Amino acid sequence: MPRPTVAQLTYGSCTVIFSTLAMLLLSQTSSGPGVAVIAIAALGLGLLVAMTVPVPRPSPASASASASASAPPVRQQAQPEPIPVPVASVREPTAS
C-alpha cells in the first residue's frame, strides 16, 4: 500500500478537526458516549476525505525512466568483428 501524500494527510486532518468541532457545536452534546460517537464519525469522515484526494500520477516519460532505472542493468555482449574480404577475390557479374 502506498504511503499517503502530504495533501492527503493535511485534508484528512483538517476534516477531522473541523467536522468534530461542527458536530459538537451543532449537537450540543456533553455526554461521554455522544462525544465518542462524534469523534468516531469525524475520524471516519477524515479517512474518507484523505483516501479520495487525487494522487498525482507519474507522466509516461517519468514512468518509463523510473522503470528503466529500477530494472537490473543489461550486460552488453561483445559483437564479433566482421571478417575482411579481399577486394581481388570479389567477382563482378559478366554479361553474356
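These numbered points concern the fold, the pairing of helices 1 and 2, and a few residues in a predicted model.

1. Overall make-up. The chain contains three helices and zero strands, and its order along the sequence is α-α-α. It has 96 residues, of which 12% count as buried. The exposed area of the chain is about 8,600 Å², with 68% of it supplied by carbon and sulfur atoms.

2. Helix 1 against helix 2. Two packed helices are described by the angle between their axes and the distance between the axes. Here the axes of helix 1 and helix 2 come within 8 Å and cross at roughly 150°. Angles over 145 degrees count as roughly antiparallel, and helix 1 and helix 2 are therefore roughly antiparallel to each other. The crossing of helix 1 past helix 2 is right-handed. On the helix 1 side, the residues making the contact include Tyr11, Thr15, Val16, Thr20 and Met23; on the helix 2 side, Ile38, Ala42, Leu45, Gly46 and Val49 are among them.

3. Thr15. This residue belongs to helix 1, which spans residues 6–27. Is Thr15 buried or exposed? Its relative accessible area is 17%; the limit for buried is under 20%, so Thr15 counts as buried. Its side chain reaches the backbone oxygen of Tyr11 at 2.7 Å. Setting aside residues up to four places away in sequence, Thr15 touches Thr20, Leu45, Gly46 and Val49. Of these, Leu45, Gly46 and Val49 are listed on the helix 2 side of the contact between the two helices.

4. Thr20. Thr20 is also found in helix 1. The side chain of Thr20 reaches the backbone oxygen of Val16, at 2.6 Å. Apart from neighbours within four places in sequence, Thr20 is in contact with Thr15, Ile38 and Ala42. Ile38 and Ala42 are helix 2 residues in the contact with helix 1.

5. Gln28. Where does Gln28 lie? Gln28 is in the loop between helix 1 and helix 2, the latter covering 32–52. The relative accessible area of Gln28 is 68%; exposed means over 50%, so Gln28 counts as exposed. Most residues other than glycine have a negative phi. The phi of Gln28 is near 50°, a positive value in a residue other than glycine. A reader checking backbone geometry can find this residue in the loop between helix 1 and helix 2.

How values were computed
Residues are numbered from 1 along each chain as its sequence is written. This is a predicted model: local features need pLDDT of at least 70, side-chain atom pairs count only at pLDDT 80 or more; totals for chains, interfaces and linings use all residues. Side-chain values use heavy atoms; hydrogens and water are left out. Helices (H or I, at least four residues) and strands (E, at least two) are DSSP runs, numbered from the N terminus. Buried means under 20% relative accessible area, exposed over 50%, partly exposed in between (1.4 Å probe, protein chains only). A polar contact is a pair of N or O atoms within 3.5 Å; within protein, one must be able to donate a hydrogen and the other to accept it, and residues adjacent in sequence count only if both atoms are side-chain atoms. Contact means heavy atoms within 4.5 Å. Accessible areas come from the Shrake-Rupley method with a 1.4 Å probe; for residues, only the protein chains shown count as cover. Axes are lines fitted to C-alpha atoms, for helices over the stretch in contact, and angles run from 0 to 180 degrees between N-to-C directions. Angles under 35 degrees count as roughly parallel, over 145 as roughly antiparallel, 65 to 115 as roughly perpendicular and the rest as oblique. A crossing is left-handed if the near helix is turned anticlockwise from the far one by less than a right angle, and right-handed if clockwise.
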